[in-house]
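Student: I should like to learn how the terms used for a protein model are justified. May we take them one at a time?

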Amino acid sequence: MDWGTELWDQFEVLERHTQWGLDLLDKYVKFVKERAEVEQAYAKQLRFSQQQSFVQLLQEVNDFAGQRELVAESLGIRVCLELAKYSQEMKQERKMHFQEGRRAQQQLENGFKQLENSKRKFERDCREAEKAAHTAERLDQDINATKADVEKAKQQAHLRNHMAEESKNEYAAQLQRFNRDQAHFYFSQMPQIFDKLQDMDERRTTRLGAGYGLLAEAELQVVPIIGKCLEGMKVAAESVDAKNDSQVLIELHKSGFARPGDLEFEDFSQVMNRVPSDSSLGTPDGRPELRAASSRSRAKRWPFGKKSKTVVTEDFSHLPPEQQRKRLQQQLEERNKELQKEEDQREALKKMKDVYEKTPQMGDPASLEPRIAETLGNIERLKLEVQKYEAWLAEAESRVLSNRGDSLSRHTRPPDPPTTAPPDSSSSSNNSGSQDNKESSEEPPSEEGQDTPIYTEFDEDFEEPASPIGQCVAIYHFEGSSEGTVSMSEGEDLSLMEEDKGDGWTRVRRKQGGEGYVPTSYLRVTLN
């Protein structure tokens with residue numbers, strides 16, 4: 001079945017149907033274009049700013065966004081552009097076919113109008129001829145009519161008959177011509193046009209179906225990679241560790257300060273009970289002493305007061321003890337890396353110089369002397385800086401170890417070896433400490449004490465494990481100058497006695513004897 005045979009009389013229906021098909025094609029192109037824009041916007045929104053806690057998740061999201069961009073690119077190029085171009089071609093072809101059909105319809109309508117005109121003329125001439133014949137017959141029978149009037153009436157009737165005969169012949173010819181044109185219009189011309197429209201619409205439908213498939217194909221191509229991205233996101237979500245995050249927060253912000261002791265009772269009633277003779281000269285009401293006590297009270301409550309403006313120093317002494325130790329250790333590691341790099345460069349320059357000396361055609365050995373001298377200068381400078389930072393680090397570590405409290409150390413640092421006895425280990429020490437505190441309360445605090453926290457020395461128990469839990473090798477030399485630490489040489493094999501608890505220190509035992517803590521970053525650890 002074809003349109004030319006079955007739908008020969010449905011010109012308007014075919015016009016609406018083909019227009020509907022092209023409208024549907026344009027709607028789909030618009031839909032895919034908007035979908036591509038949504039995909040592009042979705043991909044951009046997925047690329048939000050990264051946070052340290054979600055690095056792995058954001059990497060997977062970034063890959064996911066890349067796949068969505070591929071979908072948008074595929075939809076934009078393979079669907080939108082190609083189908084939009086095809087739609088324009090279809091519109092031009094449809095316009096051409098309907099223009100041809102309208103010309104054929106116009107020609108047939110013009111032929112029908114000519115046929116109607118010739119028909120009406122033939123009908124009018126026939127009536128005029130009949131009327132003229134009646135007039136001639138009436139005059140011929142009238143005895144009062146002259147012969148001239150009778151002849152004139154007969155001639156008029158003959159003329160009308162002749163005109164009617166010509167109109168008849170013209171009408172017959174026009175009718176034959178219209179029937180031939182009408183048969184050609186309905187059985188040849190319009191069927192051909194409709195067949196062309198049918199072929200065009202079928203090609204459009206096939207192409208539209210292919211466009212539907214391209215939409216699904218663009219998604220199917222990225223499904224495997226998107227699945228891997230989603231699996232990676234799930235793994236990243238499962239790897240979130242609240243305890244570890246809490247420990248990281250502690251390591252980032254712990255100050256290493258000792259916790260302040262109890263505030264002493266300040267008896268302001270002594271001022272009221274004091275007689276004038278007891279007052280010092282120039283202070284009959286004792287107000288300076290009240291101001292001193294107030295200043296001393298503010299100095300003791302250092303966590304709650306306003307922080308004074310600090311001056312940044314090279315040894316980071318303006319930072320809290322724990323932060324100072326971390327920054328010094330970071331600077332020391334950077335200097336060691338730079339030193340190793342300069343030493344490697346020096347060795348490379350020496351080898352290059354030896355090659356130039358053996359084969360002068362490859363280069364001049366003297367040209368390397370400035371670079372070698374510069375490298376040696378950098379090495380000496382970095383060695384001095386390393387020694388300087390090692391000294392500062394040892395001092396900072398000693399400061400941290402001497403100012404750690406019992407409760408704080410259980411959460412942040414490994415236990416230290418025993419040091420001196422605590423201040424309250426005996427009654428005599430209590431008495432002496434109380435006496436010292438009373439004497440210190442009578443003196444106004446110094447200017448430095450107003451901004452510096454009060455540190456307290458204390459000791460901790462040192463529990464030795466029964467046997468090593470692993471082995472480790474010293475990557476760098478470490479001089480254990482502070483209490484609780486042990487020295488080690490680069491490349492030395494050690495026994496691992498206790499793992500790092502998150503504070504950067506590991507307890508080890510040397511083969512020749514001696515046990516203590518060393519920096520974890522200085523070791524390469526192997527557990528049993």
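**Terms and their grounds**

Tutor: Glu219 is partly exposed, as its relative accessible area is 21%. Please keep in mind that this is a predicted model.

Student: Why is Glu219 called partly exposed?

Tutor: Buried means under 20% and exposed over 50%. The value for Glu219 is 21%, so the residue falls in between. Arg35, at 24%, is likewise partly exposed.

Student: What makes Glu219 and Arg35 a salt bridge?

Tutor: The cut-off is 4 Å between a side-chain nitrogen of Lys or Arg and a carboxyl oxygen of Asp or Glu. The closest N and O atoms of Glu219 and Arg35 are 2.5 Å apart, so the pair qualifies. The bridge links distant parts of the chain, with Glu219 in helix α4 and Arg35 in helix α2, 184 residues apart.

Student: How do you know that Lys91 and Asp26 meet in a salt bridge?

Tutor: Their N to O distance is 3.0 Å, and the limit is 4 Å, so the term applies. Lys91 belongs to helix α3 and Asp26 to helix α2, 65 residues apart. Both are partly exposed, Lys91 with 31% and Asp26 with 27%.

Student: Why is Glu342 said to have no salt bridge?

Tutor: For Glu342, the nearest side chain of opposite charge is Arg381, 5.8 Å away. A salt bridge requires a distance within 4 Å, so this pair does not count. Glu342 is nevertheless buried. It lies in helix α8 and touches Thr375, Asn378, Ile379 and Leu382, leaving aside residues up to four places away in sequence.

Student: Which residue does Arg381 meet in a salt bridge?

Tutor: Arg381 meets Glu385, at 3.3 Å from N to O. The two are four residues apart in helix α9, and are therefore separated by about one helical turn. Glu385 has a relative accessible area of 17% and is buried, whereas Arg381, at 39%, is partly exposed.

Student: What makes Tyr28 and Tyr212 an edge-to-face pair?

Tutor: Two values decide the matter: the ring centres must lie within 6.5 Å, and the planes must be over 60 degrees apart. Tyr28 and Tyr212 show 4.9 Å and 85 degrees, so both conditions are met. Tyr28 is in helix α2 and Tyr212 in helix α4. Tyr28 is buried at 7%, while Tyr212 is partly exposed at 41%.

Student: How do you know that Phe478 and Tyr522 are edge-to-face too?

Tutor: Their centres are 5.8 Å apart and their planes stand at 85 degrees; the limits are within 6.5 Å and over 60 degrees, so the term holds. Phe478 lies in the loop between β1 and β2 and Tyr522 in the loop between β4 and β5, so the pair ties together parts 44 residues apart in sequence. Phe478, at 6%, is buried, and Tyr522 is buried at 4%. Ring pairs join these two with Tyr476 and Trp505 in a cluster.

Student: What makes Arg207 lie over the face of Tyr86?

Tutor: Arg207 is 4.5 Å from the ring centre of Tyr86. The distance limit is within 6 Å, so that condition is met.

Student: Why is Phe316 called buried?

Tutor: Its relative accessibility is 8%, and buried means under 20%, so the label follows. Phe316 lies in the loop between α7 and α8.

Terms used: Residues numbered from 1 in each chain as written. Predicted model: local features only at pLDDT ≥ 70, side-chain atom pairs only at ≥ 80, totals over all residues. Heavy atoms only, no water. Buried < 20%, exposed > 50% of the residue type's maximum accessible area, 1.4 Å probe, protein only. Lys, Arg positive; Asp, Glu negative; His and termini not counted. Contact = heavy atoms within 4.5 Å. Phe/Tyr/Trp six-rings, centres within 6.5 Å; stacked < 30°, edge-to-face > 60°. Lys NZ or Arg CZ within 6 Å of the ring centre and 35° of its normal.
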